[in-house]
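Hi,

Here is the structure I said I would pass on. Have a look first, and my notes on what turned up are underneath.

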Amino acid sequence: MDRRTKIAAVAAALLITAGAAGSATASGYGKGGVREATASGDGKGGVREAAALTGTAKLYRPAGDDITFSFDAHLAAKDRNDPLAATGTFRYSHYKGDWGGTAEVKVDCLATGGEVATVTGIVTATDVPGLLHKRVGVSVYDNGRHDRLGYSWLASDPTKDEVPPCNSAAPYERVRAGTGDFTVLPWQFTYPAE
């Protein structure tokens with residue numbers, strides 16, 4: 001076998017290996033072959049959804065605040081190029097002593113990339129004055145036991161400022177040890193033909 005034939009054989013083997021690895025990720029398997037998120041909305045192994053953010057965690061707050069975020073946000077395969085077609089809900093609460101509040105949010109946008117997700121939605125139920133029917137945004141970094149989270153009200157008042165769809169602050173908050181189980185299913189965007 002001459003040198004050119006050997007190089008071609010090695011290149012073909014690399015392409016086959018890369019294709020196999022890529023198909024594992026595309027089928028919903030990621031880091032170390034671990035299942036990332038549901039393969040389909042029907043739970044029967046149908047077409048992989050385009051993107052998803054699921055899970056619950058409490059934020060780390062040494063002062064004793066009880067802050068919880070829960071997500072069940074999805075972008076169907078048929079809507080893969082329209083993050084505004086995302087569906088689902090997310091919920092958050094913040095309590096400390098006798099003070100606190102909670103909100104339930106209907107998802108209106110979801111974008112994910114690698115292990116990061118940004119989701120926004122309209123508040124449909126809350127006990128926080130002025131928050132009902134306002135858009136809020138949250139970002140998540142799915143990093144195993146070291147998940148992180150950020151939210152749009154870091155630098156603005158959600159009862160007064162308009163948050164655009166799929167916008168939030170970077171995931172700067174740490175999740176309390178032992179509570180982070182966020183799962184981000186990376187977005188499968190379809191690029192238009194050139």
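Let me start with a charged pair: R91 and E104 form a salt bridge, with their closest N and O atoms 2.3 Å apart. R91 sits in strand 3 and E104 in strand 4 (residues 99-113), so this pair links distant parts of the chain, 13 residues apart. R91 is partly exposed at 44% relative accessible area, and E104 also counts as partly exposed, at 26%.

Before going further, keep in mind that this is a predicted model. The chain averages a pLDDT of 80, and 75% of the residues score at least 70. Over residues 1-42, though, the pLDDT is below 50, even though that stretch has 38 contacts in the model beyond near neighbours in sequence. Where pLDDT is low, the predicted coordinates should not be read in detail.

Back to the charges. The salt bridge count comes to eight. One of them joins R61 to E173, with 2.5 Å between the closest N and O atoms. R61 is in the loop between strand 1 (51-58) and strand 2, while E173 is in strand 8 (residues 173-174), 112 residues apart. E173 is buried because its relative accessible area is 9%, whereas R61, at 26%, counts as partly exposed.

Another salt bridge runs between R135 and E162, at 3.0 Å for the closest N and O atoms. R135 belongs to strand 6 (residues 135-141), and E162 to the loop between strand 7 (148-151) and strand 8. R135 counts as buried at 16% relative accessibility, and E162 as exposed at 64%. Shared partners join D108, R135 and E162 into one salt bridge network.

Which residues does T120 touch, leaving aside its neighbours within four places in sequence? Among them are D108 and R135 from that network, along with F90, C109 and C166. T120 itself is in strand 5 (residues 116-126) and is buried, because its relative accessibility is 0%. A polar atom of the T120 side chain lies 2.9 Å from the backbone nitrogen of C166.

F90 also takes us to the aromatics, where the structure holds nine pairs. F71 and F90 make a tilted one, 5.6 Å centre to centre with 35° between the planes. F71 lies in strand 2 (residues 66-75) and F90 in strand 3 (residues 87-96), so the pair ties together parts that are 19 residues apart in sequence. Both rings belong to buried residues. Ring pairs link F69, F71, F90, Y92, Y151, W153, Y172 and F182 into a cluster.

Cheers

How values were computed:
Residues numbered from 1 in each chain as written. Heavy atoms only, no water. Helix = DSSP H or I, 4+ residues; strand = E, 2+ residues; numbered from the N terminus. Buried < 20%, exposed > 50% of the residue type's maximum accessible area, 1.4 Å probe, protein only. Polar contact = N/O pair within 3.5 Å; in protein donor to acceptor, adjacent residues only side chain to side chain. Contact = heavy atoms within 4.5 Å. Phe/Tyr/Trp six-rings, centres within 6.5 Å; stacked < 30°, edge-to-face > 60°. pLDDT = per-residue confidence, 0-100. Salt bridge = Lys/Arg side-chain N within 4 Å of Asp/Glu carboxyl O.
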